[in-house]
Amino acid sequence: MDQAEKLRRLVNDKTAQKKNKFRVITVTSGKGGVGKSSFVVNLALALKLRGLKVAILDADIGMANVDIMYGVKSKYSLFDLVFNNKNINEIIEMTQEGIKIIPGGSGLKDIVDLNEEQRVRLIKEFEKLDDIDILIVDTGAGVSKTILNFVAISDEVIVITTPEPTALTDAYSLIKIIKNKFQDANINVVINKVRNIKEARETFEKLSNTVNVFLKSKINYRGFLFEDKKVPISIIEQRPYLISFPKTEASMCIMKIASDVIGIEKENKNNTIKDVFFKLFGRMGLGS
Ligand SMILES: Nc1ncnc2c1ncn2[C@@H]1O[C@H](COP(=O)(O)OP(=O)(O)OP(=O)(O)O)[C@@H](O)[C@H]1O
Ligand SMILES: [Mg+2]
């Protein structure tokens, strides 16, 4: 059996075919520092509290910091899985709350050039992780090929912006690039650091109208987060605010968003996390 045949069998085997509600959400933004990582860390917890098994892929190649926000420190990344013979359980960090963190590291860039044997090993390692309901991908700001590859395999993209005009303009530019490449991309917007609900709604309407008029396309409102002093405190303390300050405004907002995310029942693009990595890095992948 050649390597390509092995890959096909890996994806088509029975475990991959069983009915699964596995879902992938990619969180991204046009402008940096608008609150993606703190959103991802707390959304993961909120979904976990609602009974889902959650993993986070830290795909911010330059400044991966999801682990730090949970107060853990990753030793290895996908790079070590592929090039240093580490297995998946060695590279994953499990947080105190039971969230799995997969550090992408620089490996995400190099993985596109893998040979067949390395691809098979990578996909086989991910097969060990079939008990995940939802994978949340935290990305860096702006557009990159890595981000677009994740958008392609995601069931839902969440674009975070603040009401600031600069953040909003950058969010629009990002949405334009995504929609030009993937017309059907399911784009949802979260407005972060708002002072009141009206500001959130108006900010979304502004963005949505621009997308309607200039791109002849649609985006969805996924909710908002209040500007909340407990958020920076929780980052300094390296404890998610949903744990340290469960009653703070940001926590209420994140619980509401998690409920809405769970409430959407849709056909998902992937059966398991293995399918995701097969599409990203296997023969069917989009390449670099
Ligand atoms: N709702 C909020 N209220 C107050 N401060 C917030 C809120 N959300 C995020 N912040 C603050 O904004 C800063 C940036 O947050 P974070 O690191 O999550 O952004 P990011 O988009 O992931 O940044 P990067 O683009 O560098 O990855 C942090 O100091 C955080 O405390
Ligand atoms: Mg970040």
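This is a short tour of the structure, one selection at a time. Keep in mind that what you have open is a predicted model.

**The whole chain**

Start with the cartoon view of the protein chain. You should find 15 helices and eight strands. Of the 288 residues, 55% are buried. If you like contact maps, here is one number to go with yours: among contacts with a separation of 6 or more, 79% join residues 24 or more positions apart.

**The sheet**

Now hide the helices and keep the strands. The eight strands make an open sheet with mixed pairing, and the order to trace across it is 3-4-2-5-1-6-7-8. Which strands stand at the edges? Pick 93-94 (strand 3) and 220-226 (strand 8): each has a single partner strand, so one side of each lacks a neighbour in the sheet.

Next, zoom in on residues 23-28 and 156-161. These are strand 1 and strand 6, and they pair in the parallel sense, with four bridges between them. For one particular bridge, click threonine 28, then look across to its partner in strand 6, valine 159.

Bring back residues 145-153, which are helix 9. This helix packs on the sheet and touches strand 1, strand 2 (54-58), strand 5 (134-138) and strand 6. Its direction makes about 145° with that of strand 1. Then add helix 14, residues 249-263, which also packs on the sheet. Helix 14 touches strands 1, 5, 6, 7 (187-194) and 8, and its direction makes about 160° with that of strand 8.

**Two residues inside the sheet**

Select isoleucine 25, a residue of strand 1. Is isoleucine 25 buried or exposed? With a relative accessible area of 0%, isoleucine 25 is buried. Leaving out residues up to four places away in sequence, isoleucine 25 touches Ile134, Leu135, Ile136, Val137, Ser154, Glu156, Ile158 and Val261. Try a distance label to leucine 135: the C-alpha atoms are 6.3 Å apart, although the two positions lie 110 residues apart in sequence numbering.

Leave leucine 135 on screen and go to valine 54, in strand 2. Valine 54 is buried, at 3% relative accessible area. Its C-alpha sits 6.0 Å from that of leucine 135, and here the two residues are 81 apart along the chain. With residues up to four places away again set aside, valine 54 touches Ala44, Leu47, Lys48, Gly98, Ile99, Lys100, Ile134 and Ile136.

**Helix against helix**

Show residues 116-127 and 273-281, helix 8 and helix 15. Their axes are 8 Å apart and the packing angle is about 160°, which makes helix 8 roughly antiparallel to helix 15. The crossing is right-handed. For the side chains, turn on sticks for Arg119, Leu122, Ile123, Phe126 and Glu127 on helix 8, and for Ile273, Lys274, Phe277, Phe278 and Phe281 on helix 15. Colour this contact by residue class and you get seven nonpolar, three charged and no polar residues.

For a second pair, select 165-181 and 197-215. These are helix 10 and helix 11, whose axes cross at roughly 40° and come within 11 Å. This crossing, too, is right-handed. Helix 10 brings Leu168, Ala171, Tyr172, Ile175 and Lys176 to the contact, and helix 11 brings Thr203, Lys206, Leu207, Thr210, Val211, Phe214 and Leu215. By class, that comes to eight nonpolar, two polar and two charged.

**Two backbone stops to finish**

If you have a Ramachandran plot handy, look up asparagine 85. Its phi is near 60°, a positive value in a residue that isn't glycine. Where is asparagine 85? Look in the loop between helix 5 (78-83) and helix 6 (88-91). Asparagine 85 counts as exposed, with 60% relative accessibility.

Last, click lysine 193. Here phi is about 60°, again positive without the residue being a glycine. The setting is a strand this time, as lysine 193 belongs to strand 7. On a surface view, lysine 193 is partly exposed, at 35% relative accessible area.

Key
Residues are numbered from 1 along each chain as its sequence is written. Chains are lettered from A and ligands numbered from 1 in the order in which they are written. This is a predicted model: local features need pLDDT of at least 70, side-chain atom pairs count only at pLDDT 80 or more; totals for chains, interfaces and linings use all residues. Side-chain values use heavy atoms; hydrogens and water are left out. Axes are lines fitted to C-alpha atoms, for helices over the stretch in contact, and angles run from 0 to 180 degrees between N-to-C directions. Angles under 35 degrees count as roughly parallel, over 145 as roughly antiparallel, 65 to 115 as roughly perpendicular and the rest as oblique. A crossing is left-handed if the near helix is turned anticlockwise from the far one by less than a right angle, and right-handed if clockwise. Contact means heavy atoms within 4.5 Å. Ala, Val, Leu, Ile, Met, Phe, Trp, Tyr, Cys and Pro count as nonpolar, Asp, Glu, Lys and Arg as charged, and the others, Gly among them, as polar. Two strands pair if DSSP finds at least two bridges between them. Buried means under 20% relative accessible area, exposed over 50%, partly exposed in between (1.4 Å probe, protein chains only).
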